[in-house]
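Student: Could you show me how to read a protein surface beside DNA, and then how to read a pocket?

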There are 2 protein chains.
Amino acid sequence: MSLFQELMVKNGSNVLLEAGDHAFMQGDSDSNIYFVQSGLLKAYYIRSDGKEHIKSFLPEGSIIGSMVALVDGDPCTFSLVASEPTVAIALPYKVLADAAQSDNGLANALVGFLGTYGKRKEQREYQLLSMSAEDRFALLVETMPDIAGRVSQADLASYIGITPQALSRIKRRLK
Amino acid sequence: MSLFQELMVKNGSNVLLEAGDHAFMQGDSDSNIYFVQSGLLKAYYIRSDGKEHIKSFLPEGSIIGSMVALVDGDPCTFSLVASEPTVAIALPYKVLADAAQSDNGLANALVGFLGTYGKRKEQREYQLLSMSAEDRFALLVETMPDIAGRVSQADLASYIGITPQALSRIKRRLK
DNA sequence: GCGACAAATGAACCTCGGTTAATTACGGCG
DNA sequence: CGCCGTAATTAACCGAGGTTCATTTGTCGC
């Protein structure tokens, strides 16, 4: 476990979520960082036309928070919901950022976390810009094989950025 | 100018680029952070099928580097090229990260930079997942009006994720 | 095993953007 | 001014994915 994760366990508070419970909703002011201990979270957007788009799946070991809410205290741009019974640890980012002002080890742990986060988003941007829906599905199955079995087809499709029907078509093509 | 930017100016080295010159190419091991002083850089991917996709435009004041190269020393996942004569300041990330181990101010400056980077990527992810090509074009014109005039239609289209022909159609629809 | 509800699939039709190729601006520059 | 190369536009056709709705497959409770 990384230094950063140890810090979260030591200083954070436990959050228990049943499937369907929200950690926070789009528009909330929630500047907590969440560290998933067990279960599965989904981060998703609600668009102006009411449609949902899944941003990411967050299984055990994931760390998540709305970056704009963390950095600027703006309202969260997405919602975070449990799709299985989940145990997570929550810690206000401000606590970390403030403590980092005087604790160099913590500041560097934060650097590590933010660097990893940026790296993940860079990869996601590449996938969205440069890969077809079919490629993104194949990649998801390859890199997160367990997730593909744990969530509904509708959620998988929403993550890839297409409708369940289109995903069904893709699966048929692949066989 | 932020503390982080001042640090870059003080410790970095100048890089002069003519239009068309590359700071680094996809696949290079370049773990420099670049701070654009004047001019305009383009960051772009080359896909396996040879097509280009523009990741971002970087006018004066921008800070950029390949996060996977910075964090892990992996090969850069994109190329960085000047689309106008450009002056930038380059500084190896490792220098920063190492110095941050013992310099708390620097560590926190890094936290600020990485937080801003993550925030931008979060917004970009939202745009790619939840907005149509037409919406993304309107947003680009609104948020970076100067860029729309400084680069070719083909580059604009590539940034939005469509072909120049499709962008031309969109412009006609909007009139 | 059976009924009921949700999830997944399938089919028919439509729209948007890609592809290819032709046509029309729009600069330099001799 | 006329020539030429590039960028931008337009048109015709195609295919992937969206939309809507019907059908099938699961799965849970009884």
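Tutor: A polar side-chain atom of A:Lys51 lies 3.4 Å from a phosphate oxygen of DNA strand D, a polar contact being a pair of N or O atoms within 3.5 Å. This is a predicted model, in which local features need pLDDT of at least 70, side-chain atom pairs count only at pLDDT 80 or more, and totals for chains, interfaces and linings use all residues. Residues are numbered from 1 along each chain as its sequence is written, chains are lettered from A in the order in which they are written, and side-chain values use heavy atoms, without hydrogens and water.

Student: Which polar side-chain atom of chain B lies 3.1 Å from a phosphate oxygen of DNA strand D?

Tutor: That atom belongs to B:Arg172, while an N or O atom in the side chain of B:Gln153 is 2.7 Å from a phosphate oxygen of DNA strand D.

Student: What share of the DNA strand D atoms within 4 Å of the protein belongs to sugar or phosphate?

Tutor: The share is 59%, and the rest belong to bases.

Student: How is empty space found, and how much of it lies in the largest pocket?

Tutor: Rolling a probe the size of a water molecule over the atoms shows where empty space is left. A pocket is an open set of points on a 1 Å grid over the protein atoms alone, where a 1.4 Å probe fits, with protein on both sides within 12 Å along at least five of seven lines. About 710 Å³ lies in the largest pocket, the volume being the space filled by probe spheres set on the points, which are joined across faces, edges and corners.

Terms used
Near = heavy atom within 4 Å. Polar contact = N/O pair within 3.5 Å; in protein donor to acceptor, adjacent residues only side chain to side chain. 1 Å grid on protein atoms, 1.4 Å probe; cavity = no way out; pocket = protein on both sides within 12 Å on 5 of 7 lines; lining within 4 Å.
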